[in-house]
Amino acid sequence: MRMSVIGTGYLGATHAACMAELGHEVVGVDVDESKIAALQSGDVPFFEPGLPEITRRNLDNGRLRFSTDYADAAEAKVHFLGVGTPQQRGAYAADLTYVRAVIKDLVPRLTGDNLILGKSTVPVGTAAELQVLADELAPEGTTVEIAWNPEFLRESHGVEDTIHPDRIVLGLREGSTQEPLVREIYASQLAEDIPFLVTDLQTAELVKVSANAFLATKISFINAVAEVCEAAGADVVKLAEAIGYDDRIGRKFLGAGLGFGGGCLPKDIRAFMARAGELGADQALSFLREVDGVNMRQRDRVVQLAKQLSGGSLLGKRVTVLGAAFKANSDDVRDSPALNVAGQLSLAGAAVSVYDPEAMANAAKVFPTLTYAQSLRESLEGAELVLLATEWQEFRDMDPQEIAQVVDQRIIIDARNVLDPAAWAAEGWQIKALGRSL
Ligand SMILES: NC(=O)c1ccc[n+]([C@@H]2O[C@H](COP(=O)([O-])OP(=O)(O)OC[C@H]3O[C@@H](n4cnc5c(N)ncnc54)[C@H](O)[C@@H]3O)[C@@H](O)[C@H]2O)c1
């Protein structure tokens, strides 16, 4: 099927390439010329394992192309909308400028009968609002239906999650007859018996933000328990393992540490609270304020721990921060806890050296004043304190004996609880972590 994907960031570029991989004829459209130029030449401008390969394969076989021209999108009758919905400046609510801009730029160019499938994460009620806008802008004789098809992909597993999702959710307006068309788009997934849930528009919009709010709550829950563990001399890692065996709870997303960040969870819980407030249901989500608060507190706790381990002052201390991405296997530094802490340490006077296997270029754009090392080893040279802030495998695999030869002092904070404290202590390291009385 011929289709366009508007917005080719982490979500859109992945979706476009995966739809082509599934056999569709896809054009990805974005307003960012350099991004489109890179994608069109087969260079994915961000780190997503597996994506460069399927992008190149489908550019070569002619099923995938990229353009900055909305006229190219208008050749299709099915359009996925995947532009950003960041947090508004100075407010909790989502900024819908880009989503509305797509409707304004696309709809007047359309002919015949069209379906726009929203993938961006939006406040409940957005699809209905965009439908009104689309109806106003549609040329005579053109129909445009807005449906919502929220995206659940995880960065770093984007390709796998798009081709084999856990579930497909489709929100349709009352009286819609578009379900068979969407079933055709996702025919190969449906053949795998992937659950396909058809809902009204509001429910589909809310499914996505609820899923993210639940995940955020789970992480902040374990981090709150970690604070109690520390006060009581207990071990949150063992505790998480023990409660995780209960399959009503599950072990995933119970990693105590520096907390969540990235381009989704923080802004999505805030936008969810803001929208609930607009709907007069603000009390229902007031706990998310606490979820956010617990999460942000972890960053301060790590900074305080670093200060304490530096004898009360970070002034002039050589601190190595391992990780800049918000999570491993990603180069995304949006609201990254690692980078936030690196910045705070630097502002407190420490000489911070940052190393990340993939996110250095993005980190340097956000925090140009930090020092970025070329390799793990270089970042560790002469360190008086090491802070593991993103759980990259390269950091998990560090050999405490080898690293000890490079640093100035054997002090490490494992802010992701991924190292074996006994192995590090055996090599003479002072190792500290959140939620454990080490
Ligand atoms: N990144 C994820 O893992 C993920 C997962 C699920 C949902 N989402 C949601 O998907 C949306 C996009 O997220 P992302 O991470 O891909 O963001 P992103 O910033 O990586 O990409 C957004 C893209 O939209 C483009 N854009 C902006 N205005 C445009 C316009 N008028 N026309 C065409 N292109 C335009 C930008 O240039 C950018 O390339 C957000 O709502 C996000 O919450 C993201």
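These are my notebook entries on a ligand shell, a helix pair and one more helix.

**Entry 1: the ligand.** I kept in mind that this is a predicted model. I looked up what surrounds the ligand and got 26 residues. Gly7, Gly9, Leu11, Ser120 and Thr121 come nearest. Then I sorted the shell by class: 11 residues are nonpolar, 10 are polar and five are charged. Which helices did I find in that shell? Both α1 (10–21) and α5 (97–106) supply at least two residues each.

**Entry 2: α1 against α3.** Next I followed α1 over to helix α3, which covers residues 51–60. Their axes come within 9 Å and cross at roughly 55 degrees. Angles from 65 to 115 degrees would count as roughly perpendicular and those under 35 as roughly parallel, so α1 and α3 are oblique to each other. I also checked the handedness, and α1 passes α3 in a left-handed crossing. On the α1 side, I listed Ala13, Thr14, Ala17, Cys18, Ala20 and Glu21 in the contact. On the α3 side, I wrote down Leu51, Ile54, Thr55 and Asn58. By class, the contact residues of α1 and α3 split into six nonpolar, three polar and one charged.

**Entry 3: α10.** Last, I went to helix α10, residues 201–232. How far does α10 reach from its first C-alpha to its last? I got 47 Å for its 32 residues, close to the 46 Å expected at 1.5 Å a residue. Then I looked at what comes after α10: glycine 233 follows, and its phi is positive, near 75 degrees.

Notes
Residues numbered from 1 in each chain as written. Predicted model: local features only at pLDDT ≥ 70, side-chain atom pairs only at ≥ 80, totals over all residues. Near = placed C-beta within 6 Å. Helix = DSSP H or I, 4+ residues; strand = E, 2+ residues; numbered from the N terminus. Nonpolar A, V, L, I, M, F, W, Y, C, P; charged D, E, K, R; others polar. Expected span 1.5 Å × (residues − 1). Axes fitted to C-alpha atoms, helices over the stretch in contact; angles between N-to-C directions. Parallel < 35°, antiparallel > 145°, perpendicular 65-115°, else oblique. Left-handed = near helix turned anticlockwise from the far one by under 90°. Contact = placed C-beta atoms within 7 Å.
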